[in-house]
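Colleague: Please take a close look at one enclosed space in this model, and then follow the chain outward from there. I would like to know what surrounds that space and how the neighbouring elements are held in place.

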Amino acid sequence: MKHTPPSPPRIYSFILSSALLIAGCATTLSLKELNNFTLRNEFSQAAEQVEKKKSSYGEKNALLYALDRGMLLHLAGDYNASNQALAQAKRTALDLFTKSVTAHLSTFLINDVMTPYYGEDFERALIYLFSAINYAALGQGEEALVECRQLDLFFRALPFDGQRNNYQDDAFGRYLAGLLYEDQGEINDAYISYVKALKAYDDYATFYKTPRPDALVEDALRTARQLGFSDKVEEIQRRWGPAPSPDSALPEETGEVLFLHYAGLGPEKVESFFEISLFNGWPYVEQVNTKSQEDTQVEQARAVFRSIVADKMIRVAFPKYRQSKARIQSSEVFSASTTCRSTLVEDVGALAVRNLEDRVVRTRARAIARAVVKYLLAQKISNAVENKNGEGVGFLVRAILQAASSATEIADKRSWRTLPDRILMARLRLPPGEHTLTVRYLDAQGNSVETREIKNVSVSANRKSFVIVRTAV
């Protein structure tokens, strides 16, 4: 049976209805509310609020609900519940990603906010990373390694649509896998992961300005020597230099604390706008960068007004990330016998910005195409009305339709809002037993900002244990 496409008036009726729907959407916990919970370290309370507002996320944002809840439970130390939420996030992301092409086609004329959110590449990858940390913190090393292997499979399955992103591997994920394999006594797999991490950090240095952690070279050389890979030892030293500390073997009857410091608030997606004159002003382009939600609302109102008085203008919206720099940039960890400075292992903010930049050409092309089609539809409908009912009615219909086009031209600002900006790691070798750690948080100049004490840190001989802290100031 031949398919009959919907008529332009029916299409525009759908657009008008969608504009009203967008205006009336219920809101989830705001970014400001989430950040305030994080600033107060009230993660359990924040997770409860997210659960209470689950219905306001809606089906299209089911992934964001699972991500927000999974991360908050992780920070609250409820690792089992966090893993349940992150497992749900994995299933949802995979299902929505599979359906994304169809969804984008069906909502092309409205905006990307109307489609189910399936996450940026780096967000979907970090689900596996934080799941692995959850299992590691629970002392379930084998389960943690399953997550690391799933992360590897995730990158292998990333589709190639003609423009490959720079984020093709997660360096910290590889590094963490090496540490976990070594903790399980699987030295060959640990060595392979360390070498892959070294290569991935080479890319990180290029794309995200994230330097290679010095200890990683030690780890690769140590495991290569344990395996008797003398040629690989020479290759590692030739490519990445000698280890800063040649004797890196863990002494007998000593454990290692992996101290993970999540610093800063993750970057926020905001709207950026083009206004393009179809005939007279082309290629005149005015780009407006908004600084807050209030500015965005004001800008939307201005755009609707301008669309009424200048009917040959189209408005195009697309997302961009805005980063905020935290005062606390690193940390020092003290025990009764040792001190260690944390180093950057994952710049989540840089990953987010570059990931979005990698697909900005496709995003802009789609946004411009949508705006042009909506403009042409409005012209066709209003011309038909004008021919039938006169110039005055045609002008009024044209103004209404142009205003509807502007009102529905909204960038997709959805993102995993509870992520940190950066992940830092310090490694302390300690004798078995219960320890009290003192953490001094530092600004960019190395000045002390705040000091906290962490009690009852349990260390087992020849094993690794995890301590996770969060700062947002």
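**The second largest cavity and its surroundings**

Modeller: The residues lining the second largest cavity are F122, E123, G266, P267, Y321, V348, A352, S415, W416 and L419, where a cavity is a set of points on a 1 Å grid over the protein atoms alone at which a 1.4 Å probe fits but cannot get out, and a lining residue has an atom within 4 Å of such a point. Please keep in mind that this is a predicted model, in which local features need pLDDT of at least 70 and side-chain atom pairs count only at pLDDT 80 or more, while totals for chains, interfaces and linings use all residues. Residues are numbered from 1 along each chain as its sequence is written, and side-chain values use heavy atoms, with hydrogens and water left out.

The structure holds 2 cavities of 30 Å³ or more, and the second largest contains about 40 Å³ of space, a volume being the space filled by probe spheres set on grid points that are joined across faces, edges and corners. Two helices, α7 (121–137) and α14, each give at least two residues to the lining; helices here are DSSP runs of H or I with at least four residues, strands are runs of E with at least two, and both are numbered from the N terminus.

Helix α14 spans residues 348–358, and 9 of its 11 residues are buried, that is, under 20% relative accessible area with a 1.4 Å probe and protein chains only, whereas exposed means over 50% and partly exposed lies in between. Among the buried residues of α14 are V348 and A352, both of which also belong to the cavity lining. For the protein as a whole, 52% of the 473 residues are buried, and these are arranged with 16 helices and 11 strands. Among contacts (heavy atoms within 4.5 Å) between residues at least 6 apart in sequence, 77% join residues at least 24 apart.

Moving outward, one pair that spans the chain is R417 and D68, whose side chains meet in a salt bridge at 3.1 Å, N to O. R417 sits in the loop between α16 (391–408) and β8 (420–430), and D68 in helix α5 (residues 62–75), so that the bridge links parts 349 residues apart. D68 is buried, with a relative accessible area of 0%. In general, side chains of opposite charge can pair when their charged atoms come close. The rule used here asks for a side-chain nitrogen of Lys or Arg within 4 Å of a carboxyl oxygen of Asp or Glu, and it gives a count of 21 salt bridges.

A second long-range pair is D183 and R463, again with 3.1 Å from N to O; because D183 lies in helix α9 and R463 in the loop between β10 and β11 (464–471), this salt bridge ties together parts that are 280 residues apart in sequence. D183 counts as buried at 15%, while R463 is partly exposed at 36% relative accessibility. R174 also lies in helix α9 (residues 171–183), and it is buried because its relative accessibility is 14%. Setting aside residues up to four places away in sequence, R174 touches D152, D169, S193, K196 and A197. D152 in turn forms a salt bridge with R156, their closest N and O atoms being 3.0 Å apart, and the two lie in helix α8 (residues 141–157), 4 residues or about one turn apart. D152 is buried at 14%, but R156 counts as exposed at 63%.

The loop carrying R463 leads to β11, in which 8 of 8 residues are buried. Both faces of β11 are covered, with K464, F466, I468 and R470 on one side and S465, V467, V469 and T471 on the other. K464 also belongs to a network of salt bridges with E182, D219, R222, E256 and R427. Strand β1 (residues 255–265) runs parallel to β11 and is joined to it by 8 bridges, strands being counted as paired if DSSP finds at least two bridges between them; H261 stands opposite V469 in β11.

Finally, β9 (residues 433–442) and β10 (residues 448–459) run antiparallel, joined by 9 bridges, with Y441 partnered by E450 in β10. These two strands make a hairpin with 5 residues between them, and G446 in the turn has a positive phi of about 85°.

Methods. On a 1 Å grid over the protein atoms alone, a cavity is a set of points where a 1.4 Å probe fits but cannot get out, and a pocket is an open set with protein on both sides within 12 Å along at least five of seven lines; lining residues have an atom within 4 Å of a point.
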